[in-house]
Amino acid sequence: MGAFCSLNAQAQKITVKGSVVDGTGEPLIGATVKVKGDATSGVISDMDGNFQISVPSENSSLIITYIGMESQTIKVGKKRQLKVTLTDDNTLGEVVVVGYGQQKKASIVGSIAQTDAKTLERHAGVSSLGQALTGNLPGVITSSSTGMPGEEDPKIVIRTQTSWNSSDPLVLVDGVERAMNTVDLSSVESISVLKDASATAVYGVKGGNGVILITTKRGKEGKAAVHVKANATMKVVSKLPEKYDSYDTLLLLNRTVERELGLSPNAWGSYTPMEVIDKYRHPANTDEWDRYPNVDWQKELFNNTAMSYNASADVSGGTKNVKYFAAVDFAHEGDLFKTFTNDRGYNSGFSYNRLNMRANLDFNLTKTTQFSANLFGSNGVRNKPWLGTSGDINAFWGSVYKAAPDGMRPIYSDGTYGYYAPRPADCPNSIQSLARSGQQSTTNTQITTDFILTQKLDFVTKGLKFTGKLSFDNTMVEIERGIADLYMDPQRKWINPDSGDTTWEQDINYYPSTAWTTNGGKVKSDATYRRLYYLLQLDWNRKFGNHEVTAMGVFNRNEYNTGNQLKHYREDWVFRATYNYAMRYFAEFNGCYNGSEMFGPDYRFKFFPSASLGWMITEEPFMKKIKKYVDMLKVRASWGRIGDDNLGEAYRFQYADEYAYGGTGWLMGTNQSDSPYTIYRQSKIGNPNLHWETTEKKNLGFDFGFLGGLITGSLDIFKDHRTDILIKNRTIPAYFGTSAPVANLGIVDGQGYELSLKMNKSWNKNFRTWANFNMTHATNEIKFADDPDLRPAYRKNAGYAINQVRTYIDNGYIRSWDDFYAGPTLSEQDGSKMTGDYQIVDFNGDGKIDTNDQAPYKYSSIPQNTYSTTVGMEWKGLSLTVQFYGVTNVTRQVNFPTFDREVHVAFNEGSFYEVGSNAGTLPLPRWTTVADGSAKGTRYYYDGSFLRLKNAELAYTFRGAWVKKAHLNSLRVYLNGDNLLLWTKMPDDRENNFSGDSANGAYPTVRRFNLGFDLTF
């Protein structure tokens, strides 16, 4: 009887067939179809998107889901054949990662910007995640300084700098403080930037400079999806300071000599006849080619192109009980420098290879218990010529900036390396340095592990959840493994162009040693570190009608040390409470009670609170009449205090006195002499009252959307007031006898606004256009910096921006004898003053030019304004994206003077002053005479503004029948470029001098042209 009933029940089941497609009509492979209420049912759509499922009755409903698409629930009824169209799940973008969790975007009352994997993938040709952020998030200011393989990470400032000790934001990867530079683009799910107190207060002492949250990808329930990506990138030198060739350099030198003859008659000996100058461009034979060199050092040193490669593969998916994401990523950055053979058994140069492996796993142990494990390993190897501990890395590109085109041949026709005998240190031969220094590698090996246990506690009270997290991080850096060949110099020579005589650097019988040595490497103690992080967290989320309440409590502790340092400790007790009524009125309160061992026992703990309010105006009844025009209008405001103890090792233990052993001191009395005893002495005065830097942050924001999503955006107005900034070099009288202790005295204000606008228009199901624009205006002003009271206001730091440029100010030229005699006296070289020099402003009006006349000039090195505009279109499988990025109100020093250090190096700076006509925009350089230290004026401080075509991409996604026959879900092919065009007044393409100073240059920044594919199956 039981068997009969069972057969009867099966006979009553209904078979439903159908297909699942996306918005363009393309079949979706692997969509899940389940019967609502029956967890055991479920089928997967096939290669053509088709499915077949049995349901109990016509009252049954089917739930159709697909990763990244909005799910649909369909009642069966009389239908036996279904066609289901799933659309992109836009709600995924409505969830924003915040500190210790996620929030719905509509309910957020803090200032948070977020970007996703799709946006970052447009920058697939760059290996630095920081570079991919440029221009994509309002309030995030990035500055690049070098193109060296593996070291291209930009400097990042969020909004503006309000402390001279540190401006670096806190970076968290999956909730733990970690470096950004080893994270590969292909593993990133989203990046959130927290900017105001409401968003950053939960990080207390670490959130004062803003917070960057990087969330890596995780598996989702469904069929395994495999992604394979690969690209090849061609790199070219972007822009370097332009130098004259030998011909034009010597013509300029002749003009300079003619001008100086009145002061220095001996200068005539440096004059070069035209028939000789012609030989530099048109040598008659090999001997003249050697004797009269005309070397383009940029062309001699660099390849036209260099190649980089990146390949990654990941698999993700899961079941109801286990979800997984596993990925491997390999990156290779090639070298712009040419390879120079040396017949010594090795090749030298720069390169970078990195291999990353990641596995993010989620296990549902029970219906209420989840265990997650994040495992990550990275091995990065940077190769460069041997430096050892005393080498100068600038030597490898120094010729581009400092070597004269007529100084010497890098390699003479007989194969001998060249050197400039009159001043070898000031006219380097980088080709010899590259070829004969050796080769060394720096290996960075990193392993990070997270173990997370999540337990729902609904049996205690509905909506309660517990999370425990334990993280172990280990990084080991090995340096100086390779070949040391730095000091085994080859024979070199120089041919005097005046006489034709050859000067040998070594004795003519010199035979260079070939006994280079190998080095097994050593640990870099100041970069090798260990970290232990553990966290206990309670979350509660309940909804009572129109009232939604959440609460969070967190305890975490961070223990880490670098090398053989004593362990660092930081402890946080965090809470957050939020409330919203009918998605109309919002309130949020945050607080963090922080402990840090950076300060003395009485100041180690402090509480940092924040509060914010929000009002969704469009949810008010009086807005219904215009709801079809105004989709969303929200006002939010926040206030809070954030601390900062990220002060570096130099400030550690500054609260304590320090003593040293050694020395004898003096005996008191009339017959003074050394004491016969070796003594302990106080070497540093501590400050037991040392405590946190504190920032009070205020933010007023507006979020809006109009015309059915056609236009959306936000506007934020912010003001920061940072107090108790640590000052190390304090103003004290000389008779104090020692250095004053560090003290919390500084005050800085920062303020500005951010605007973000987005436009999105779907013309039909196949064609969409969109545009994004964002800008940030941010300034800072020092209010107190312990300046000497008697120093004039323009010489004080107070009243100006951090790192405000200060220099002598020029005001036109000395054009006549009246200008010459009426001008102020120069304190150093007044006797060398000439017509055609800059007229330097006597800023304090005392009749002479000295250091007291150095005054504030224009801006600092951090731009006040940043702009980014991205436009794009999508038509069927074709997409096109173009991004422009620019900055204004920034000043940068590029100090490459012409004829510096008596070397024939002349830069194309513009038109030079012409004696008699008073024409020209720049003073002529000096050769045999020495100008006053003030004579340069503002000449080498450039307007650092620029506009660049930051990124452009053309891509096509194939989804046709042939793709499915190849067992692929999709195939995307793209061509993109990074840093393609540049408009600027700067002589090079560096945005900042933090990697290599203004006088020595750096490894050139690059333009990238990238071809790649992305397939899913």
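## A small mixed sheet

Welcome: let us start with strand 1 (residues 14-21), which runs parallel to strand 7 and is joined to it by 5 bridges. Here strands are DSSP runs of E, at least two residues long, numbered from the N terminus, and two strands pair if DSSP finds at least two bridges between them. One of these links matches Gly18 with Leu82 in strand 7.

Strand 1 belongs to an open sheet of 3 strands in the order 4-1-7, with mixed pairing. At its edges are strand 4 (50-55) and strand 7 (81-85), each pairing on one side only.

## About the model

This is a predicted model, in which local features need pLDDT of at least 70 and side-chain atom pairs count only at pLDDT 80 or more, while totals for chains, interfaces and linings use all residues. Residues are numbered from 1 along each chain as its sequence is written, and side-chain values use heavy atoms, leaving out hydrogens and water.

## A hairpin and its neighbour

Further along, strand 38 (residues 743-762) and strand 39 (residues 767-784) form an antiparallel pair over 16 bridges. Together strands 38 and 39 make a hairpin, with 4 residues between them. Lys758 has Asn772 of strand 39 as its bridge partner.

Strand 39 also pairs with strand 46 (residues 865-875), again antiparallel, over 11 bridges. There, Trp770 is matched with Gly872 in strand 46.

## Leu922 in its loop

Look next at the loop between strand 48 (891-893) and strand 49 (941-943), where Leu922 lies. Leu922 is buried, at 9% relative accessible area; buried means under 20% (1.4 Å probe, protein chains only).

Not counting residues up to four places away in sequence, the contacts of Leu922 include Tyr813, Tyr838 and Arg939, where contact means heavy atoms within 4.5 Å.

How values were computed
Buried < 20%, exposed > 50% of the residue type's maximum accessible area, 1.4 Å probe, protein only.
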